[in-house]
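Q: I've got a new model open and I'd like to learn how to read it feature by feature. Can you walk me through it?

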Amino acid sequence: KVSRVKQIPAFREQILMHALEGFVQKAAEEGLKELPFETIGRPEVEDLPELTSFHQEVTVEVLVEEKPKVADLQYKDLEFPPAPELEVSNEDVDTALDEELERLTRYENSDETVELKNGDLALLHISIFEGEDKLEVPGTETLAVVVGSTDDRPPAFFKPLAACLPGTKKGDEGTLDFDWPEGGKEPENVAGKSVRIQWNIHMARSKVRPEMTDELVSEITQGKETSVLAYRGVLRERLQESKRSKIEGDHLEKVIDVVIEANPFPMPTRLLERSVGDRWDGMKKRIDEGQMPAPDDMAAFEAEQRETLRTEVIRELQKTLLIAQIMEAEAIEPDMDTIGEQAQALMGSMGGGDPKDPQTQNLFYSVLTHLTNKDIESKVYRRIMGIDPAPTPEEVGEKGDSGPETPPTGETETKAGTDSGPETPPTGETET
């Protein structure tokens, strides 16, 4: 039996246009390499002509934006706000030790002779009554409770129940009179009612926290450190590096604000508008899917959000472009070997995953990008502030003399099919 042939309207034309779109994309990418200036953002293809033949010659226009650069970049000898002092106190080290012990804490099953204390775990069987009537409340029949917990979490009686458990033992039982609140996501059959909660401790587990000793230090450092005093020094160095990174990150934003003010340059308008539009589209999608509350006046909300997003995007573009230009001037490059090792270690701490899985690959490249940006920003900051020495002429090389001079920011029209690019007009628009 032969399947019926399905007639697709304008199928030939669809194939032609699909082929043209792929060709134009490749031609645009090749054409960008021949332009006498750097571009920013993705190329935008103007209206494609209608095709009637695979052998038809066509001309298309591709708009690109020139990457703006500051001709006389000023980022040294500017007046920057003072950076906070880097200080790690003994109390900071004590807190780090305490956190390390908390990480090593384990739980052991308790019998009927052991009284529960704050932080221990209790598994309770729960029954809820209104008078003599038993009420069915999903998710409350069996409840794991941290003894003495002050967390506000469901069910509504969790915190008052946790407060009456210190001093109890496995097998103990008791009651709790509770006025169930109304509104929100409370179950309808108990909301606003006065109920009696009967509980029984079915299982108890005591929290066992180790003591920081020389033996424990040797165990957790795999013999690299053999005393508590030496381990305190290791923790102090870690805290100093962590604080240094945070101080640099926070202070960099203030430093970049000063650099931006000293180096005004025109914004790439198409990239700016496209970025604002993309971010608003993402926000609108979350509203439509119920992930964000819907505003009463969507038009006014959109106008307000677009203005906020525009301010954010402008600041991000200014920071990105200026850091890129400082990187070039200072011959700064990220240490990709170290960054790769850090990314692999982070992926390992998160469980690794199948390297061939697309989600794992996307996560890895996200981590890699984040670490690369942090490395670049740290090096740029330290170079601006004079913490690290300036590059030698050999490190800089001939970067200042290579490549054509960047023309003023503008839009470029690119025509596929010509042999070579003409001279750049004074307006900044080029046909290639």
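A: Sure. Let's start with strand pairing: two strands pair if DSSP finds at least two bridges between them. In this predicted model, Leu 123 has Met 203 in E8 as its bridge partner. E4 and E8 run antiparallel, with nine bridges joining them.

Q: Which strands besides E8 does E4 pair with, and how do they run?
A: Strand E6 (residues 142–146) is one of them: five bridges join E4 to E6, and the two run antiparallel. There, Ala 122 stands opposite Val 145. Strand E5 (residues 133–135) is another, joined to E4 by three bridges and also antiparallel. In that pairing, Ile 128 stands opposite Leu 135.

Q: What sits between E4 and E5?
A: Two residues, so to speak the turn of a hairpin formed by E4 and E5. Gly 131 in that turn has a positive phi of about 65°. While you're looking at strands, keep a general rule in mind: in a regular strand the side chains alternate between the two faces of the sheet.

Q: How many bridges join E1 to E2?
A: Four, and these strands run antiparallel. Look for Thr 39, whose bridge partner in E2 is Glu 66. E2 is also mostly covered, with five of its six residues buried.

Q: Now helices. What span should helix H2 have?
A: The idea is to count 1.5 Å a residue and compare with the ends. For the 14 residues of H2 (residues 90–103) that gives an expected 20 Å, and the end C-alpha atoms are 20 Å apart, which agrees.

Q: Which residues of H2 are buried?
A: Val 93, Ala 96, Leu 97, Glu 100 and Leu 101. They cover an arc of only 140° around the axis, which puts them on the same side of H2. On the other side, Glu 91 and Glu 99 are exposed. As for what covers the buried residues of H2, look for helix H4 (214–220) and helix H5 (228–262), among others.

Q: Can we do H6 too? What do its buried residues pack against?
A: Check the span as before: the 20 residues of H6 (residues 269–288) should span 28 Å, and the end C-alpha atoms are 28 Å apart, which agrees. The buried residues of H6 include Leu 271, Arg 274, Trp 280 and Ile 287. Their packing partners are strand E1 (39–45), strand E2 (61–66) and helix H7 (298–330). After H6 comes Gly 290, with a positive phi near 80°.

Q: How do I describe a pair of aromatic rings?
A: You give the distance of the centres and the angle of the planes. There are five aromatic pairs in this structure. Take Phe 178 and Trp 180: they are edge-to-face, 5.7 Å centre to centre with 75° between the planes. Phe 178 counts as buried at 12% relative accessibility, and Trp 180 is buried as well, at 4%. For a tilted case, go to Trp 280 and Phe 301, which are 6.0 Å centre to centre with 55° between the planes. That pair links distant parts of the chain, with Trp 280 in helix H6 and Phe 301 in helix H7, 21 residues apart. Both Trp 280 and Phe 301 are buried.

Q: Which residues form an aromatic cluster?
A: Phe 157, Phe 178 and Trp 180 form one. Rings can also have a charge over them: Arg 153 lies over the face of Phe 158, at 4.3 Å from the ring centre.

Q: Is Ser 110 buried or exposed?
A: The cut-off you need is that buried means under 20% relative accessible area. Ser 110 has 8%, so it is buried. You'll find Ser 110 in the loop between strand E3 (106–109) and strand E4 (121–130). Leaving aside neighbours within four places in sequence, Ser 110 is in contact with Lys 170, Ala 204, Arg 205 and Ser 206.

Q: Where does Ser 206 lie?
A: In strand E8 (residues 194–208). Ser 206 is buried too, with a relative accessible area of 11%. Not counting residues up to four places away in sequence, Ser 206 touches Arg 106, Tyr 107, Glu 108, Ser 110, Val 114 and Asp 120. Also, the C-alpha atoms of Ser 206 and Lys 117 are separated by 7.9 Å, although these residues are 89 residues apart along the chain.

Methods:
Residues are numbered from 1 along each chain as its sequence is written. This is a predicted model: local features need pLDDT of at least 70, side-chain atom pairs count only at pLDDT 80 or more; totals for chains, interfaces and linings use all residues. Side-chain values use heavy atoms; hydrogens and water are left out. The expected span of a helix is 1.5 Å times one less than its number of residues. Buried means under 20% relative accessible area, exposed over 50%, partly exposed in between (1.4 Å probe, protein chains only). Contact means heavy atoms within 4.5 Å. The arc is that of the directions from the helix axis to the C-beta atoms. Rings of Phe, Tyr and Trp (its six-membered ring) pair if their centres lie within 6.5 Å; planes under 30 degrees apart count as stacked, over 60 as edge-to-face and the rest as tilted. A charge sits over a ring if NZ of Lys or CZ of Arg is within 6 Å of the ring centre and within 35 degrees of the ring normal.
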